[in-house]
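Reader: Hello! I am new to this structure and would love a close look at a single part of it, the surroundings of one buried tryptophan. Could you walk me through that part and then show me how the rest fits around it?

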Amino acid sequence: MDAAAVLAAFDEQVRRRPRADDGHVEDDGDVVRTVSAGGGWNGVEWTALTSANADAAIQAQIRRFAEIGRPWEWKHYSYDQPDDLRERLVAAGLTPGEDETLLVGTIAELDLAVRPPAGVELRAVRDRHDLDALVAVHDEVFGGHHASGPLAAALADGTAAAVIAWAGEAPVSAARVEFYPGTEFAGLWGGGTLPAWRGRGVFRSLVAHRAALARQAGYRYLQVDAMPASRPILRRLGFTELATTTPFAHPGR
């Protein structure tokens, strides 16, 4: 993989031209943000800033999202400019979350010959019962309450597919793949496994299953924002680390 070329393609195709599930995208030229119409994600997706205009751009985003009155996020990547953008965001009142690693795999080169462990079956999310099971897994793994509405809409229009790992009638892991129409990329999201089932190969099988779905849909690359625990698994499957991404949160007031 030509890492620099793939990162440039990801930046141009995915970050600069995001798809808003339940709202719209606003492009100021040097800042692209997503504004949700309801309870979806709000935040800054892409920037092309300099030392001369970064502080003014940050304040402009704070004012814009204050009009909405909901929490929002600035999704920062380690290659974003200027070099001290992280420090500027903190100085403006945004709070950094946990770093994640941006990994991308060329789907044709990934190891997809992975089966779930004995006693586990992978099933597609197809109905309300399945959606409720997926939400229950994510609530337990990640905490909080995860709304199913945006995913239900994405499943309906074909821009996402979701899968659950079942041990008998108990859901033990769940994840989704999002398809980015008009690009070469699909993205892996979710990937939550109950603690008692970690280390058995369930997550690995879910990655391979979703990668196969993206291949069938005609995508060339698969992107993941990975936490530390999943990074070595993804690297063994053939993914390459391209950058670090950090969410900077603002309360929106």
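Author: Happy to! A residue is called buried when its relative accessible area is under 20%, exposed when that area is over 50%, and partly exposed in between, using a 1.4 Å probe and protein chains only. By that rule Trp72 is buried, because its relative accessible area is 3%.

A word on the model before going on. It is a predicted one, in which local features need pLDDT of at least 70 and side-chain atom pairs count only at pLDDT 80 or more, while totals for chains, interfaces and linings use all residues. Residues are numbered from 1 along each chain as its sequence is written, and side-chain values use heavy atoms, with hydrogens and water left out.

Back to the tryptophan. Trp72 sits in strand E4, which covers residues 72–77; helices (H or I, at least four residues) and strands (E, at least two) are DSSP runs numbered from the N terminus. A contact means heavy atoms within 4.5 Å. Setting aside neighbours within four places in sequence, Trp72 has contacts that include Asn42, Gly43 and Val44. Its partners also include Gln61, Ile62, Phe65 and Leu94, and, among others, Phe248, Ala249 and His250. For a sense of distance, Ala113 is 41 residues from Trp72 in sequence, and their C-alpha atoms are 39 Å apart.

Trp72 also belongs to a nonpolar core, that is, a set of buried Ala, Val, Leu, Ile, Met, Phe, Trp, Tyr and Cys residues joined through side-chain atoms within 4.5 Å. This is the second, separate core, with 15 residues, among them Ile62, Trp72, Leu85 and Leu94. In the loop between E4 and helix H3 (85–91) you will find Pro82, and the peptide bond leading from Gln81 to Pro82 is cis, with omega near -5 degrees.

Now compare the other core. The largest nonpolar core has 24 residues, and Leu222, Leu234 and Phe239 have the most contacts inside it. Two or more residues each come from strand E9 (170–179), strand E10 (185–193), helix H6 (202–216), strand E11 (221–226) and helix H7 (231–237). Helix H6 gives the most, with six residues. Leaving out residues up to four places away in sequence, Phe239 touches nine residues' worth of surroundings that include Leu103, Leu188, Val207 and Leu222.

Helix H6 also holds Val202, which is buried, with a relative accessible area of 1%. Beyond residues up to four places away in sequence, Val202 touches Pro117, Ala165, Ser173 and Trp197. Phe65, one of the partners of Trp72, lies 137 residues along the chain from Val202, with 39 Å between their C-alpha atoms.

Thr106 offers another stop, in strand E6 (residues 100–106). At 13% relative accessibility, Thr106 counts as buried. Apart from residues up to four places away in sequence, Thr106 touches Met1, Arg220 and Tyr221.

Finally, step back to the whole protein. There are seven helices and 12 strands. The radius of gyration, taken over C-alpha atoms, is 18 Å, close to the 18 Å that the globule rule gives for 253 residues, so the protein is as compact as a globular protein of that length; the rule is 2.2 Å times the number of residues to the power 0.38. Buried residues make up 49% of the 253.
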